[in-house]
Amino acid sequence: MKASENKATLSFSNGGQNVELPIYKGTLGPDVIDIRKLYAQTGMFTYDPGFMSTASCESAITYIDGDKGELLYRGYPIEQLATNCDFLETCHLLLYGELPDEAKKTNFTKLVTNHTMVNEQMQFFLRGFRRDAHPMAIMTGLVGALSAFYHDSTDINNPKHREIAAIRLIAKMPTLVAMAYKYTVGQPYMYPKNELSYAGNFLHMMFATPCEEYKVSPVLERALDRIFILHADHEQNASTSTVRLCGSSGTNPFAAIAAGVACLWGPAHGGANEAALNMLYDIQKAGGVEKIGEFIKQVKDKNSNVKLMGFGHRVYKNYDPRAKLMQETCKEVLGELGLENDPLFKLAMALEKIALEDEYFVSRKLYPNVDFYSGIVQRAIGIPVPLFTAIFALARTVGWIAQLNEMIGDPDYKIGRPRQLFEGSAKRDVKPIAQR
Ligand code: ACO
């Protein structure tokens, strides 16, 4: 960490002694005030529920400038990665810090491809679930179950073990998501086909059957690959912070990623693409474009609890750069499938236009996020709505594991242990049951 010449001074209105706090500078973004010694010096904690002003770690992986609407993976703008690289190159970048050259790309692709199969026992695991279980419930269970299979790579202090766990996770997530899907529709599982690309293989495992030849459409393959790139990492978001906190106890890496999957499921996070598409369906059912005004009115009514799903972001106070790329992909996919007049896409465009002009959204800097269009793309590809968040989990796995490995590789890392402001009862005595 690079110390700034500036220091912060904390003073107290009751005349308590001032405390000088060091300030550190990153490469980009706001400086941070180091409060690690605050408790020892003052007997006080800081209070910041929801981490509104707290940097929880140092990281060199992803940077977001929320005001500019900029997203960088290891310094590279997301727009350049999404147009010039594929997902496995992006994985290499996130894991190792650099884009691969031809030879490294070939080796890395081979390495990941060699791990795409899952242990045959996983099928029996799946059978324990109800057929109508939510895919994220299944994924939380399956990813957690991986921790019971790979006893050769559980020493998190060994960088080689960490690397092999990362490769296994990246390689096996598409297989598991496709198995979860096949299980819910009652079709046979399709084994991975290693001659296909990462995204192509996933499409094959999802939509092929043993009865017929399945040809991967290059447009859909590229669209899915882009969805994976756009979702690969996103700084210290809720699920990534969950993975770091969970992993900080030294737990099994597969178990830490399962915790990330569980966190991602929520509608305020990864569940938003599912929620955004369901919202569009609801407006469509209620009457479509003509009903947008009524819907926006409900969104603005604080008592209604209705949100414009796929809008707003904790960090972006400008257009989410991923949403722009997703809108582009959306047009391409709908064109390929002859769905240019898709009513949901039209509805989404009309809703976006109205919201972007409305004072409520403008004043709160609420813009579309990546989930606003990703649901329409996935639905067009044929991915069922409940599986959307599982696709997000598949893509985010590389970010989670890169962040986890970055944390564990830091010799100074500590178990995460937040403090609290206690507001419950002071100490009291238990009364006999008859007197309570
Ligand atoms: N629709 C309507 N109003 C909204 C929305 C929305 N989608 N998002 C925020 N607001 C309003 C809030 O009501 C609040 O208004 P107020 O100041 O009058 O009280 C103001 O905008 C600020 O919102 P916060 O909830 O304080 O913002 P926060 O940073 O905590 O929330 C979040 C961010 C959770 C993403 C929120 O915008 C949201 O719920 N959006 C919808 C769900 C969604 O799309 N999530 C996906 C996030 S991206 C991802 O995970 C890939």
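A residue counts as buried when its relative accessible area is under 20%, as exposed when that area is over 50%, and as partly exposed in between. Keep that scale in mind for Arg 364, which comes out at 38% relative accessible area and is therefore partly exposed. One caution before going on: what you're looking at is a predicted model.

Let's stay with Arg 364 for a moment. You'll find Arg 364 in the loop that connects helix H16 (359-363) to helix H17 (371-381). A polar atom of the Arg 364 side chain sits 3.2 Å from the backbone oxygen of Tyr 360. If you follow the chain onward to Val 385, you have gone 21 residues, and the C-alpha atoms of Arg 364 and Val 385 are separated by 29 Å.

Arg 364 also takes us to the ligand. There are 20 residues around the ligand, and Arg 364 is among those that come nearest, together with Lys 302, Leu 308, Gly 310 and Arg 314. What kinds of residue make up the shell around the ligand? By class, ten are nonpolar, five are polar and five are charged.

Now zoom in on some of the individual contacts. On the side-chain front, Lys 302 has an N or O atom 2.9 Å from an oxygen atom of the ligand. The backbone joins in too: a polar backbone atom of Leu 308 is 2.7 Å from a nitrogen atom of the ligand. Phe 311 likewise places a backbone N or O atom 2.9 Å from a ligand nitrogen. As for how much of the ligand is covered, the ligand taken alone exposes 920 Å², and the protein buries 74% of that.

Next, jump back to the start of the chain, where there's a sheet to trace. Strands of a sheet pair through backbone hydrogen bonds, in either a parallel or an antiparallel sense. Here you have an open sheet of three strands, in the order E1-E2-E3, and the pairing is antiparallel. Strands E1 (2-10) and E3 (32-33) stand at the edges with a single partner strand each, so one side of each has no neighbour in the sheet.

Walk across the sheet from one edge. E1 and E2 run antiparallel and are joined by six bridges; for one example, look at Lys 7, which stands opposite Pro 22 in E2. Carry on to the other pair, and you'll see E2 (residues 19-25) meet E3 in the antiparallel sense over two bridges. Ile 23 has Ile 33 in E3 as its bridge partner, while Tyr 24 stands opposite Val 32 in E3. The hairpin of E2 and E3 has six residues between the strands, and there Gly 29 takes a positive phi near 85 degrees.

Just past E3 is a good place to start on the charged pairs. Side chains of opposite charge can pair when their charged atoms come close. How many salt bridges does a search of the whole structure find? The search turns up 17. One of them joins the side chains of Asp 34 and Arg 36, with 2.9 Å from N to O. The two partners sit in contrasting surroundings: Asp 34 has a relative accessible area of 13%, so it is buried, whereas Arg 36 reaches 61% and is therefore exposed.

Another pair lives inside a helix. Arg 222 and Asp 225 both belong to helix H9 (residues 218-230) and are three residues apart, about one turn of the helix. Their side chains meet in a salt bridge, 3.3 Å from N to O. Arg 222 is partly exposed, because its relative accessible area is 29%; Asp 225, at 8%, is buried.

For Lys 291 and Glu 294, the closest N and O atoms of the salt bridge are 3.7 Å apart. Lys 291 has 29% relative accessibility, so it counts as partly exposed, and Glu 294 gets that label too, at 48%. Salt bridges can also link up beyond a single pair: Asp 86, Glu 89 and Lys 105 are connected in a network of them.

Last stop: Ser 153, in the loop between helix H6 (135-146) and helix H7 (159-185). Is Ser 153 buried or exposed? With a relative accessible area of 2%, Ser 153 is buried. Its side chain makes a polar contact with the side chain of Arg 168, at 3.0 Å.

Terms used
Residues numbered from 1 in each chain as written. Predicted model: local features only at pLDDT ≥ 70, side-chain atom pairs only at ≥ 80, totals over all residues. Heavy atoms only, no water. Near = heavy atom within 4 Å. Polar contact = N/O pair within 3.5 Å; in protein donor to acceptor, adjacent residues only side chain to side chain. Areas by Shrake-Rupley, 256 points an atom, 1.4 Å probe, with all protein chains shown as cover. Nonpolar A, V, L, I, M, F, W, Y, C, P; charged D, E, K, R; others polar. Pairing = 2+ DSSP bridges. Helix = DSSP H or I, 4+ residues; strand = E, 2+ residues; numbered from the N terminus. Salt bridge = Lys/Arg side-chain N within 4 Å of Asp/Glu carboxyl O. Buried < 20%, exposed > 50% of the residue type's maximum accessible area, 1.4 Å probe, protein only.
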